[in-house]
Amino acid sequence: MFTFSRTRMTGLGLLLAVGVAAMMGLPNMVIGRPQLQPAAGNIGIVCTEATGDPKVFDVQTADGYIQTPDGNSVYMWSYTLSGNPFQLPSPILCINQGDTVVINLTNNVAKINEPVSIVFPGQTGVTASGGVAGLLTNEAPKGGTVSYSFTASEPGTYLYESGTNQHKQVHMGLYGAIVVRPSMGPNFAYNDASTQFDPSKEYILLMHEIDPVLHRAVERGRPYDVMARHDRYWTINGRSMPDTLNDNFVPWMPSQPYGALVQVDAVDLDHNPNALPALIRYANAGTVNHPFHPHGDHLTVIGQDGRFLAGASIDTFARTIAAGQTADLLFTWTNVERWEPGPNGPVPVIMPQLQDLVFKDGVTFYSGDPELGQEDDLPISVTSFNQCGEFYYPWHSHALNEVQNFDEGFGGLMTLVRVDPPPSLGLCP
């Protein structure tokens with residue numbers, strides 16, 4: 001009944017957090033476990049889809065552990081497809097405008113000794129059957145099942161999350177995202193020609209925060225005191241920086257399947273000035289507002305909370321995503337500097353040769369960009385972190401207390417954007 005549809009980006013290179021640290025002037029960091037090099041071409045949104053009519057998703061509560069970059073592990077809850085193991089965040093459900101959607105929730109985790117539920121902010125006409133009556137919706141008691149149904153009437157990005165003891169259950173991980181694709185087609189964000197995007201460059205950045213002390217209390221059956229909450233980890237798609245840079249489905253993070261690296265091709269003004277933008281979907285499942293932005297460029301906000309900003313799109317450098325809010329943004333990187341060497345390029349000088357390059361701590365970022373030197377075999381033990389002349393910018397929260405892992409920076413609510421040379425130059429595979 002269910003299929004996983006992976007939107008794949010081209011050319012994810014050999015990006016290591018050690019290299020990121022050097023670019024940012026930071027001490028060396030280690031990314032991932034047990035290997036450092038992500039596999040190529042497996043980034044971007046991962047959709048969970050249902051076949052048939054109505055679109056039926058059978059989900060259940062799950063519990064397990066996530067890894068943090070500082071070597072810790074944190075006990076979490078989530079929703080998962082029935083029969084599947086725990087994952088964080090819960091599956092990203094992708095449906096089409098006009099679909100009738102049925103979500104059957106079973107509460108079958110031994111350690112969840114309380115009813116749970118799902119609410120669907122932004123969806124209208126939601127009905128619930130089974131279970132027991134709760135404050136916001138019907139709830140599934142331990143061992144019980146409740147069924148929710150609605151018609152996806154409006155395209156956009158939405159959250160789904162627990163409607164029971166939200167201060168605890170959403171914080172524990174009972175949250176996910178819903179993408180409703182418009183009737184105009186999957187390469188549009190909304191039913192408007194101005195929202196067309198490159199479907200191979202679609203990303204979701206789903207934010208959340210964690211207090212591991214409260215999670216340990218829940219794990220051990222102790223009281224959950226929300227007044228004592230002190231967040232120590234901040235996540236995008238269930239991972240903290242630098243783990244956000246790893247591919248989707250890397251084997252050393254089995255319960256955190258989704259990466260958060262954003263990759264775009266620079267728009268070639270000479271050969272393809274009308275290239276379609278990337279689509280970035282922001283969603284904040286936490287209880288804290290996050291001022292979030294990429295370095296080096298701005299984005300255009302075209303929708304908020306699943307509603308198209310018709311005639312009122314906003315160009316923004318930093319966007320504060322409020323607790324429980326979503327936003328849809330178009331992102332274009334224009335190749336104003338060009339990658340061309342020689343008199344037509346931005347640096348009409350003789351390019352440095354290999355013997356003129358400086359290798360700092362056994363690493364170099366030279367990767368084929370003629371502005372950075374001539375490509376050649378590197379000396380033994382020297383590592384190159386770039387693949388084909390691409391470069392990277394941080395994309396992070398401007399609340400700098402969130403850019404850390406348990407008081408150690410840099411980490412937390414942060415990823416990168418990778419900018420590749422225009423495809424017309426043939427530098428990247």
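In this predicted model, aspartate 265 and lysine 201 form a salt bridge, with their closest N and O atoms 3.2 Å apart. Aspartate 265 sits in strand β15, while lysine 201 belongs to the loop between β12 (175-181) and β13 (202-210), so the salt bridge ties together parts that are 64 residues apart in sequence. How buried or exposed are the two partners? Lysine 201 is buried, because its relative accessible area of 7% falls under the 20% cut-off. Aspartate 265, at 21% relative accessibility, counts as partly exposed. Lysine 201 also meets the side chain of aspartate 198 in a salt bridge, this time with an N to O distance of 3.8 Å.

These pairs belong to a longer list: a search of the whole structure turns up eleven salt bridges. One of them brings together the side chains of glutamate 114 and lysine 168, at 2.6 Å from N to O. Here too, distant parts of the chain are linked: glutamate 114 is in the loop between β6 (100-106) and β7 (127-130), and lysine 168 is in helix α2 (residues 166-172), 54 residues apart. Glutamate 114 is buried, with a relative accessible area of 13%, and lysine 168 is buried as well, at 15%.

Back to strand β15, the home of aspartate 265. Strand β15 belongs to an open sheet of five strands, in the order β15-β26-β25-β17-β21, and the pairing is mixed. β15 (262-265) and β21 (319-321) are the edge strands, so called because each pairs on one side only. On average, and ignoring direction, neighbouring strands of this sheet are turned by 25° against each other. Inside the sheet, β25 (residues 391-397) and β26 (residues 414-420) run antiparallel and are joined by six bridges. Histidine 396 is found opposite methionine 414 of β26.

Now for strand β18. How many of its residues are buried? β18 (residues 299-304) is mostly covered, with five of its six residues buried. Several strands pair with β18. Four bridges connect β18 with β22 in the antiparallel sense, and glutamine 304 has alanine 327 of β22 as its bridge partner. Strand β20 (residues 314-316) also runs antiparallel to β18, joined by three bridges; there, threonine 300 is partnered with aspartate 315. Strand β19 (residues 307-308) is antiparallel to β18 too, with two bridges between them, and glycine 303 stands opposite phenylalanine 308. β18 and β19 make up a hairpin with two residues in between, and aspartate 305 in the turn has a positive phi of about 55°.

The partner strand β22 (residues 326-331) includes threonine 326. Is threonine 326 buried or exposed? Its relative accessibility is 3%, so threonine 326 counts as buried. Which residues does threonine 326 touch, leaving aside its neighbours within four places in sequence? The contacts are Thr157, Tyr158, Leu159, Tyr282, Ala283, Gln304, Asp305 and Gly306. Among them, threonine 157 places its backbone oxygen 2.7 Å from a polar atom of the side chain of threonine 326. Aspartate 305 appears here as a contact of threonine 326, and is also the turn residue with the positive phi.

Definitions and conventions:
Residues numbered from 1 in each chain as written. Predicted model: local features only at pLDDT ≥ 70, side-chain atom pairs only at ≥ 80, totals over all residues. Heavy atoms only, no water. Buried < 20%, exposed > 50% of the residue type's maximum accessible area, 1.4 Å probe, protein only. Polar contact = N/O pair within 3.5 Å; in protein donor to acceptor, adjacent residues only side chain to side chain. Contact = heavy atoms within 4.5 Å. Pairing = 2+ DSSP bridges. Axes fitted to C-alpha atoms, helices over the stretch in contact; angles between N-to-C directions. Salt bridge = Lys/Arg side-chain N within 4 Å of Asp/Glu carboxyl O.
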